[in-house]
Amino acid sequence: MTLGPSADQWAAAVAAVRSAGPDDEIQLICHVNPDGDALGSMLGFGLGLRRLGFTRVRATFPGDFVVPDPYREIPGVDLLVPESDAFAEPRLILVFDVASESRLGALAARVADAPASVVLDHHASNTGFGGVQLVDPRAAATSVVADGLLSRLGVPLDAEIAECLYIALATDTGSFKFDMTTVSVHELAARLIATGIRPGEISRRIFDSKPFGAMKLTGEVIGRAVLEPSAAAGRGMVWTYATLADLERHGQPPYVLDALIDPVRSVAEADVSMVVKQVAPGEWSVSLRSKGAVDVSGVAVSQGGGGHRLAAGFTGYGEASDVVDTVRRLLDEHLN
Ligand SMILES: [Mn+2]
């Protein structure tokens, strides 16, 4: 899939939202272990639904109900409820930044059963689940798609909605550094900033503030990184890993490790970078990045994961070294 939503799909999404009455239950869902795009696009859209007069809107994500510290004060955070408090039989479900049902856990069944559902996403690997698909692989963030639907619903941007969408956009573009940072990305950012939000203050709060223990943990995990110049058919791979014991030792929650891929992927000698993060005994969340020479989504999809050409992930099993061995082998297969 390379093109964005068709006119018919946009119209169907607008009709799905308008099919709900002001007192109908509307459930918003984003992916497990939510990041800035998942939370920002979902809560920004939820605030937009409130502006439209919908009174019963809840937002949730599967799994442990941990809202990462940087997002504790994001506008619309009062919409968030744990998975156990999500509407059991909502009239309408909207799904944000979820490439496949596997990222929805037990909530996937609720999407399948809902009278109406809309999936807003930007992953090329999106599996096409849900009632109406608004999937735009060209979009830098799901918040670009959320903005498109809000404007078609006639919701004007205000500072609260804008802050949510801006956090989402800044997160998924690496603070406007990645390749998909197009003219339209900056045009959206300009419209968001025009509402009066303060990008400097938001960036400090979201990206440039972390506990001392998180810094020490990051230092330790980076310190054990391994460079393999001959991996990925000579394009080079750099990788590291972090265990639950590492988190425990530094008193840090798992999401602290999400930003770790950024310093790792900056290594000049490697096209491919990888962080292998333990989520349970024998189970690892694997983040893969490429500078451009390798399509890492191919590796991720072959392991049941997904993502984008230059940024992808999957769940691996066994020891960390088993996961690294698998990726090393798959890269060689994909490249030879
Ligand atoms: Mn995203």
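Q: How far is the sulfur of Cys164 from the closest cysteine sulfur, and what follows for a bond?
A: A disulfide is a covalent bond between the sulfur atoms of two cysteines. In this model, which is predicted, the sulfur of Cys164 has its closest cysteine sulfur in Cys30, 12 Å away, and that is too far for a bond. The cut-off applied to such a pair is 2.5 Å.

Q: How many disulfides does a search of the whole structure find?
A: The search returns 0 disulfides. Cys30 takes part in none, and the cysteine sulfur nearest to its own, that of Cys164, is 12 Å away.

Q: Are Cys30 and Cys164 buried or exposed?
A: A residue is called buried when its relative accessible area is under 20%. Cys30 has 0% relative accessibility and therefore counts as buried. Cys164 is buried too, with a relative accessible area of 0%.

Q: Which residues are the protein donors of the manganese ion?
A: Read a metal site from its donor atoms. Here the protein donors are Asp37 (OD), Asp97 (OD), His122 (NE2) and Asp172 (OD), and they lie 2.1 to 2.3 Å from the manganese ion. Water is not among the atoms, so a site may look incomplete.

Q: What spacing do the donors of the manganese ion follow along the chain?
A: The spacing is D-x59-D-x24-H-x49-D. Because Asp37 belongs to helix α2 and Asp172 to helix α5, this pair ties together parts that are 135 residues apart in sequence.

Q: Are Asp37 and Asp172 buried or exposed?
A: Asp37 is buried, its relative accessible area being 0%. Asp172 also counts as buried, at 15% relative accessibility.

Q: What span should helix α2 have, and what is the distance between its end C-alpha atoms?
A: A helix can be checked against the rise of 1.5 Å a residue. Helix α2 has 16 residues, 36-51, so it should span 22 Å; the C-alpha atoms at its ends are 22 Å apart, which agrees.

Q: How many residues of α2 are buried?
A: The count is 14 of the 16, so α2 is largely enclosed by the rest of the structure.

Q: What is found at the start of α2, and what follows it?
A: At the start, a side-chain oxygen of Asp35 comes to within 3.3 Å of the backbone nitrogen of Asp37. After the helix comes Gly53, which has a positive phi, near 100 degrees.

Q: How many residues of helix α4 are buried, and which ones?
A: In α4, residues 142-152, 8 of the 11 are buried, so this helix is largely enclosed by the rest of the structure. The buried ones are Thr142, Ser143, Val145, Ala146, Asp147, Gly148, Leu149 and Leu150. Just after α4, Gly154 takes a positive phi of about 80 degrees.

Q: Which residues touch the most other members of the largest nonpolar core?
A: In a core, look for the members with the most partners. Leu94 and Leu149 hold that place among the 58 residues of the largest nonpolar core. Helix α5 (residues 159-172) gives the most to this core, with 8 residues. A second, separate core has 22 residues, among them Met237, Trp239, Trp284 and Leu288.

Q: Which residues is Leu149 in contact with, leaving aside its neighbours within four places in sequence?
A: Leu149 contacts Trp10, Ala13, Val14, Phe45, Leu94, Leu120 and Leu134.

Q: What does the side chain of Glu228 make a polar contact with?
A: The partner is the side chain of Trp239, at 2.7 Å. Glu228 lies in strand β6 (residues 226-228) and is buried, with a relative accessible area of 15%. Neighbours within four places in sequence aside, Glu228 is in contact with Gly236, Met237, Trp239, Val324 and Arg328.

Q: What is the phi of Ala232 and of Ala233?
A: Read the sign of phi together with the residue type. Ala232 is not a glycine, yet its phi is positive, about 50 degrees. Ala233 likewise has a positive phi, near 50 degrees, and is a residue other than glycine. Ala232 is in the loop between β6 and β7 (237-242), as is Ala233. At 0% relative accessibility Ala232 counts as buried, whereas Ala233 is partly exposed at 35%.

Q: Where does Ser117 lie, and what does its side chain reach?
A: Ser117 is in strand β4 (residues 116-121). The side chain of Ser117 reaches the backbone nitrogen of Gly131 at 2.8 Å. Ser117 is buried, with a relative accessible area of 6%.

How values were computed:
Residues numbered from 1 in each chain as written. Predicted model: local features only at pLDDT ≥ 70, side-chain atom pairs only at ≥ 80, totals over all residues. Heavy atoms only, no water. Helix = DSSP H or I, 4+ residues; strand = E, 2+ residues; numbered from the N terminus. Expected span 1.5 Å × (residues − 1). Buried < 20%, exposed > 50% of the residue type's maximum accessible area, 1.4 Å probe, protein only. Polar contact = N/O pair within 3.5 Å; in protein donor to acceptor, adjacent residues only side chain to side chain. Core = buried A, V, L, I, M, F, W, Y, C linked by side-chain atoms within 4.5 Å. Contact = heavy atoms within 4.5 Å. Donors = N, O, S within 2.8 Å, 3.2 Å for Na, K, Ca; no water.
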